[in-house]
Amino acid sequence: QINMAQIIFFSGLDGAGKSTQIDRLKDYYLNKNKKVYCFWSRGGYTPGFQKLKNIIRKILKNKLPKAGKSQEREASFGNPLIRKIWLIISIVDLIFYYSFFLRIKLLFGYNIVCDRFILDTNVDFNIAYPNEKVENWILWKILVWSSIKPDHHFLLLISVKESMQRSLFKKEPFPDSFEILEKRLAYYETYSNNSKNIHKLYCEKPIDEVTKLILIFFSND
């Protein structure tokens, strides 16, 4: 039986079933008459940063590149200054949400379920901007230090081939290439192998079986 508000993170490859398991965990809490708040985040794409980009687009009359992959976006991010500003704003925004906003939700008794967390943004930044070494930035270290810490962190993984097939089925607008997915999987495996606090689950098994594995961690809470 759950007596206190909890913080749960879900990380992993696209198509691994994060959204499905988050919906099921949400139902689990609601069935116990517990408040739950689900939060999706990704560095550079949090709600606050999205609003800021919309405002900038209006001011610049849509001169800012649109979201998603494009030659225009790649050209803009080829400028070191623009890239650094984007990364700095992304991290500051994450600090606001992970260090303050979600803590306020927790104080009001909400169980917090995060779709992606710092680990996922770390993987994103390492793949997209490997030369920036963002992990060494003081701002990134502040983010890691100040962010809420999970009661449980689930890492959902599938093979690269399965991820691509599921992305096609879901009609993902900007799916990763096979090579990028391989890099992501390698990063996730490395991070999880170096952490004792991540529950790694391989999710090519039936959905109900994955749910049972996740709920085992809540049986004694």
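Asp124 and Arg42 are both buried in this predicted model, and the two are partners in a salt bridge, with 2.7 Å between the closest N and O atoms. Asp124 sits in helix 5 (residues 118–128), while Arg42 belongs to the loop between strand 2 (36–40) and helix 2 (47–59), so this pair ties together parts that lie 82 residues apart in sequence. The pair does not stand alone: salt bridges that share partners join Arg42, Asp124, Asp176 and Arg184 into one network. Across the whole structure, a search turns up 10 salt bridges.

Another of these links involves helix 4. Glu132 pairs with Arg83 in a salt bridge, again with the closest N and O atoms 2.7 Å apart. Here Glu132 comes from the loop between helix 5 and helix 6 (138–146) and Arg83 from helix 4, so the bridge ties together parts that are 49 residues apart in sequence. Neither partner is out in the open. Glu132 has a relative accessibility of 10%, so it counts as buried, and Arg83, at 18%, also falls under the 20% cut-off and therefore counts as buried.

A more local case turns up in helix 7 (residues 160–170), which holds both Arg166 and Glu162. Their salt bridge brings the closest N and O atoms to 2.8 Å. The two residues are 4 apart in the helix, which means that about one helical turn separates them. That fits the usual geometry: an α-helix has 3.6 residues a turn, so residues three or four places apart point the same way.

Back to helix 4, which runs over residues 80–107. With 28 residues at 1.5 Å each, helix 4 should span 40 Å, and its end C-alpha atoms are indeed 40 Å apart, so expectation and model agree. Helix 4 is nevertheless kinked, by about 30°, with the kink centred on Tyr97. Tyr97 is also one of the buried residues of helix 4. Others on that list include Trp86, Leu87, Ser90, Ile91, Asp93 and Leu94, along with Ile95, Tyr98, Ser99 and Leu102. Arg83, the salt-bridge partner of Glu132, is among the buried residues of helix 4 too.

Things look different at Leu107, which is likewise in helix 4. With a relative accessible area of 75%, Leu107 is well past the 50% cut-off and so counts as exposed. Together with Ile104 and Phe108, Leu107 forms a nonpolar patch on the surface, and the three residues have about 380 Å² of accessible area between them. Just after helix 4, Gly109 adopts a positive phi of about 90°.

Two polar contacts between side chains round out the picture. His152, found in strand 4 (residues 152–157), has a relative accessible area of 11% and so counts as buried. Its side chain makes a polar contact with the side chain of His199, at 3.3 Å. Gln21, for its part, is found in helix 1 (residues 18–31). At a relative accessible area of 5%, Gln21 is buried, and a polar contact of 2.7 Å joins its side chain to that of Thr211.

Conventions. Residues numbered from 1 in each chain as written. Predicted model: local features only at pLDDT ≥ 70, side-chain atom pairs only at ≥ 80, totals over all residues. Heavy atoms only, no water. Expected span 1.5 Å × (residues − 1). Bend = angle between axes of the 7 residues up to and from the residue. Buried < 20%, exposed > 50% of the residue type's maximum accessible area, 1.4 Å probe, protein only. Salt bridge = Lys/Arg side-chain N within 4 Å of Asp/Glu carboxyl O. Patch = residues over 30% accessible without salt bridge, like charges linked within 9 Å, V, L, I, M, F, W, Y side chains within 5 Å. Areas by Shrake-Rupley, 256 points an atom, 1.4 Å probe, with all protein chains shown as cover. Polar contact = N/O pair within 3.5 Å; in protein donor to acceptor, adjacent residues only side chain to side chain.
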